[in-house]
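Thanks for making time this morning; I would like to walk you through one chain, going from the whole fold to its sheets and then to a pair of helices. Please keep the model open while I talk.

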Amino acid sequence: MGPRDPLPTMRITKTKINGPAKKEKKWNVTIRLPMVMVMVMAMGAAIVYKLYRALTYGVSPLVYLHLRWRKIRGREHPLRWPERLGRPSVSRPPGPLIWFHAVSLGEGMAAIPVIKHCRRLRPDLHILMTTTTYSAFEVIKNRLPSGVIYQFCPLDIPVAVDAFLGYWKPSAIIIIEGELWPNLIMGASKHGIALGLLNARVSTKSFKQWSGPLFRPLISLLLSKFSLIAPLSTLQAIRFQLLEASPSTINFSGDLKYVHEYDESEGDIGSIEDLKASLAHRQVWMASSIHRGEEKVMLAVHKVLMQKNPNLVTIIVPRHPQHGKEIAQKLQKEGEVVALRSRHEKLMPRTNVYVVDTLGELRQLYKLTPIAVIGGSFLPGLAGHNISEAAAAGCAVLTGPHIGHYSNMVSAMQRLNPKSVLQVSGKSELEEALSQLFSDARVLEAQQMAAKQAFCALSSGIVANVWNLLNFHVFRRALC
């Protein structure tokens, strides 16, 4: 910054790393801030963080009581809930340790291929994996490579975070998607721990809140602590830039949710093969990741399709298992013949609805159906779910209008082939689309092929790209 350019300049940089070579493409997006404003915002950030830390310290007793209440209700692990307070349940091995954190199941599954890659290339490193939700723990604990330590993430209260960092002493922390907890990030920075953010995204709602005068200085301070931010899209890169993340940290790698590794731990393979045999001579479609209220849409469509296809089987996979049990009970009261997966109920000739009330089997279940309708997208306020798992299995993929940040994934696949994802506006268009797929085998096959090809094109090389970015921006600093 010379005498003729007294204002700080920020530019968005798109970087693609392929092996040792690094090529950069820059956009001319420039933001200039007066130096006085920069200093004021820095001071404001420090004050806001001190207030946040004092507040979270003060409410710690209430947080502890709330945690106990969640344990009683079955929302926390009955034995391992103290881990949320930073209390370890296993010993830390000697040597450098890398901590990967994901909130829930989707983000945790996205982290696993990177963890496996890390274990293969750097067996000298110890890996710690944490998640927040109990449901994620139940699935991911059986998917991690041997030797990976699995704990629950500490709550963002000073006592828990300080205890966790003090015990595990990670060399680097890799966060999946958008967990910006102030005590954790500032504590890591204080201890000289390198930080990386993969699949980074900020929702529209969060961006509006974080851009306001109250939160912006703090968010800017937190983002300044990261050595790497790998955003999901150009739009996300711009949002992080506008929140004043350093341009040198923003690099593209691809969406980790395109990466799928199937193994025998994913579901009860034997029972899935039995189910596949039972469905061999039936017309099948699946409604997956259904939220409360969406079952009304899916079951209404099911009734219409049954009029033309009496041999139909509709597989319903709710987002939460308890919701599945409730759907099955309601249908049984209405006289429907329903099979519930958790009870190991068999498909009978008169069974037309199969409800999956289990976790961790979705990728295997997609292999049973030629058509997948992805839920979390048919009611206002919802924000979609991962469509790439269905595409990877070779399904014809349909989704509703409310897809949130997954619009980037839908657009990317549609650019490669418009038939790869069919986005419908609601119940009527869904009925029409499914009726066509069931009545025209050529249309169905074309959509299946388009989805599979788009997935293969978009998923290639992502883990290698992520690993190269982590090596260059994070591990080189953390493990020197």
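Of the 480 residues in the chain, 52% are buried, where buried means under 20% relative accessible area, exposed over 50% and partly exposed in between, with a 1.4 Å probe and protein chains only. Before going further I should say that this is a predicted model, in which local features need pLDDT of at least 70 and side-chain atom pairs count only at pLDDT 80 or more, while totals for chains, interfaces and linings use all residues. Residues are numbered from 1 along each chain as its sequence is written, and side-chain values use heavy atoms, with hydrogens and water left out.

The chain exposes about 21,800 Å², and 57% of that is supplied by carbon and sulfur atoms, the areas coming from the Shrake-Rupley method with a 1.4 Å probe and, for residues, only the protein chains shown counting as cover. Among contacts with a separation of 6 or more, 69% are between residues 24 or more positions apart, a contact being heavy atoms within 4.5 Å. The secondary structure amounts to 18 helices and 15 strands, taken as DSSP runs (H or I of at least four residues for helices, E of at least two for strands) and numbered from the N terminus.

Let me turn to the sheets. One is an open sheet of six strands in the order S5-S4-S3-S6-S7-S8, with parallel pairing; two strands pair if DSSP finds at least two bridges between them. Strands S5 (149–152) and S8 (228–231) are at its edges with a single partner strand each, so one side of each has no neighbour in the sheet. The twist from one strand to the next averages 15 degrees, angles running from 0 to 180 degrees between N-to-C directions, and axes being lines fitted to C-alpha atoms, for helices over the stretch in contact. Within this sheet, S3 (residues 97–101) and S4 (residues 126–131) run parallel and are joined by five bridges, with Trp99 opposite Leu128 in S4.

There is also an open sheet of seven strands, again with parallel pairing, ordered S11-S12-S10-S9-S13-S14-S15. Its edges are S11 (338–340) and S15, each with a single partner strand, so one side of each is left without a neighbour in the sheet. Here the twist averages 20 degrees from one strand to the next. Helix H11 (residues 294–308) packs on this sheet, touching S9 (283–290), S10 (312–318), S12 (353–355) and S13, and its direction makes about 170 degrees with that of S9.

What lies on either side of S14? Four bridges join it in parallel to S13 (residues 371–374), and three bridges pair it, also in the parallel sense, with S15 (residues 421–423). Leu398 of S14 stands opposite Val373 and opposite Leu422 in S15. Ala396 and Leu398 point one way from S14 (residues 396–399), Val397 and Thr399 point the other way, and all are buried.

Finally, the helix pair: H16 (residues 427–439) and H17 (residues 441–459) pack at about 105 degrees, with axes 5 Å apart. That makes the two helices, H16 and H17, roughly perpendicular, a label for angles of 65 to 115 degrees, with under 35 roughly parallel, over 145 roughly antiparallel and the rest oblique. The contact involves Gln436, Leu437 and Ser439 of H16 with Ala441, Val443, Leu444 and Gln447 of H17.
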